[in-house]
Amino acid sequence: MLQDQEAHAAEMERTFIAIKPDGVQRGLISEIVSRFERKGYKLVAIKLIVPSKEFAQKHYHDLKERPFFDGLCDFLSSGPVLAMVWEGEGVIKYGRKLIGATDPQKSEPGTIRGDLAVVVGRNIIHGSDGPETAEDEIALWFEPKELVSYTNNAEKWIYGVN
Ligand code: IDP
Ligand code: MG
């Protein structure tokens with residue numbers, strides 16, 4: 001049965017996903033991007049940048065009391081990060097499923113961290129953990145004009161929308 005266009009539009013959401021410096025250096029960009037792309041999500045923004053330490057501190061502000069905060073911010077600002085925005089129904093929550101648990105020792109096989117990372121301090125990818133975080137992180141990393149609006153012609157096959 002075809003899904004109603006309005007119901008589909010109402011379910012659409014965006015999340016911020018970043019491949020951290022370890023994932024970029026290890027040549028995992030195409031592997032990771034392809035998992036989101038093949039699932040059926042739409043890429044709406046992408047750029048390669050080296051964040052400053054101050055920027056990393058803003059991104060991880062929720063973790064500033066944690067003992068690993070300083071090292072984490074040094075690490076995020078140590079090299080290129082591939083920053084992206086992905087769009088789709090339920091992409092915030094399901095994107096986290098694709099990524100796997102924070103500690104790769106606990107991530108299921110088949111997830112990005114489960115398949116491609118070993119330790120928590122080098123877990124190769126970031127994904128927003130909820131709708132408010134997603135909105136804040138997208139606004140921190142991207143200018144509104146960097147978010148590209150376009151029709152994905154595969155969408156009617158992915159969602160069954162007429
Ligand atoms: P998440 O990336 O799965 O959302 P958070 O708890 O938000 O996990 O932590 C942010 C990042 O901080 C993690 O992805 C990981 O790189 C790092 N991190 C989390 N816990 C630890 C730890 O116990 N030791 C070292 N690094 C950690
Ligand atoms: Mg987090």
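**Aromatic cluster, ligand site and annotated residues**

Phe-16, Phe-55, Trp-141 and Phe-142 are joined by ring pairs into a cluster. The model in which this cluster appears is predicted. Five aromatic pairs are counted in the structure. In one of them, Phe-55 and Trp-141 meet edge-to-face, with 4.7 Å from centre to centre and 85 degrees between the planes. Phe-55 belongs to helix α4 (residues 53-59) and Trp-141 to helix α8 (residues 131-141), so this pair ties together parts that are 86 residues apart in sequence. Phe-55 and Trp-141 are both buried.

Helix α4 also holds Ala-56. This alanine has a relative accessibility of 0%, so Ala-56 counts as buried. Between Ala-56 and Ile-17 the separation is 39 residues in sequence and 14 Å in space, taken from C-alpha to C-alpha.

Rings in the model also face charged side chains. The charged end of Lys-39 is placed over the ring of Tyr-94, at 3.9 Å from the ring centre. In a second case, Arg-122 lies over the face of Phe-75, and the distance to the ring centre is 4.0 Å.

As for the wider chain, the UniProt record (unreviewed entry) places the feature "domain: Nucleoside diphosphate kinase-like" at residues 12-149. Over residues 12-149, helix accounts for 41% of the chain and strand for 20%. The C-alpha atoms at the two ends of this stretch are 13 Å apart.

The surroundings of ligand 1 were examined next. The residues around ligand 1 are Lys-20, Tyr-60, Leu-63, Phe-68, Leu-72, Arg-96, Thr-102, Arg-113, Val-120 and Asn-123. For Lys-20, an N or O atom of the side chain is 2.9 Å from an oxygen atom of ligand 1. For Asn-123, an N or O atom of the side chain is 2.8 Å from an oxygen atom of the ligand. With Val-120 the backbone is involved: one of its polar backbone atoms is 3.2 Å from an oxygen atom of ligand 1. Taken alone, ligand 1 exposes 520 Å², and the protein buries 75% of that area.

The unreviewed UniProt entry also places the feature "active site" at His-126. His-126 is in strand β4 (residues 125-127). Its relative accessibility is 11%; the cut-off for a buried residue is under 20%, and His-126 therefore counts as buried.

Ile-124 is found in the loop between α7 (112-116) and β4. Although Ile-124 is not a glycine, its phi is positive, at about 60 degrees. The relative accessible area of Ile-124 is 0%, and the residue is therefore buried. A further isoleucine, Ile-99, is found in helix α6 (residues 91-99). Ile-99 has a relative accessibility of 2% and so counts as buried. Ile-99 and Ile-124 are separated by 25 residues in sequence, and their C-alpha atoms are 9.4 Å apart in space.

Glu-87 is located in strand β3 (residues 81-89). With a relative accessibility of 12%, Glu-87 counts as buried. The side chain of Glu-87 is joined to the side chain of Arg-14 by a polar contact of 2.7 Å.

Pro-67 lies in the loop between α4 and α5 (69-76). The relative accessible area of Pro-67 is 81%; a residue is exposed when this value is over 50%, so Pro-67 is exposed. Pro-67 and Asp-136 are 69 residues apart in sequence, and the distance between their C-alpha atoms is 24 Å.

Methods. Residues numbered from 1 in each chain as written. Chains lettered and ligands numbered in written order. Predicted model: local features only at pLDDT ≥ 70, side-chain atom pairs only at ≥ 80, totals over all residues. Heavy atoms only, no water. UniProt positions renumbered as here; feature names shortened; annotations may be inferred. Helix = DSSP H or I, 4+ residues; strand = E, 2+ residues; numbered from the N terminus. Phe/Tyr/Trp six-rings, centres within 6.5 Å; stacked < 30°, edge-to-face > 60°. Buried < 20%, exposed > 50% of the residue type's maximum accessible area, 1.4 Å probe, protein only. Lys NZ or Arg CZ within 6 Å of the ring centre and 35° of its normal. Near = heavy atom within 4 Å. Polar contact = N/O pair within 3.5 Å; in protein donor to acceptor, adjacent residues only side chain to side chain. Areas by Shrake-Rupley, 256 points an atom, 1.4 Å probe, with all protein chains shown as cover.
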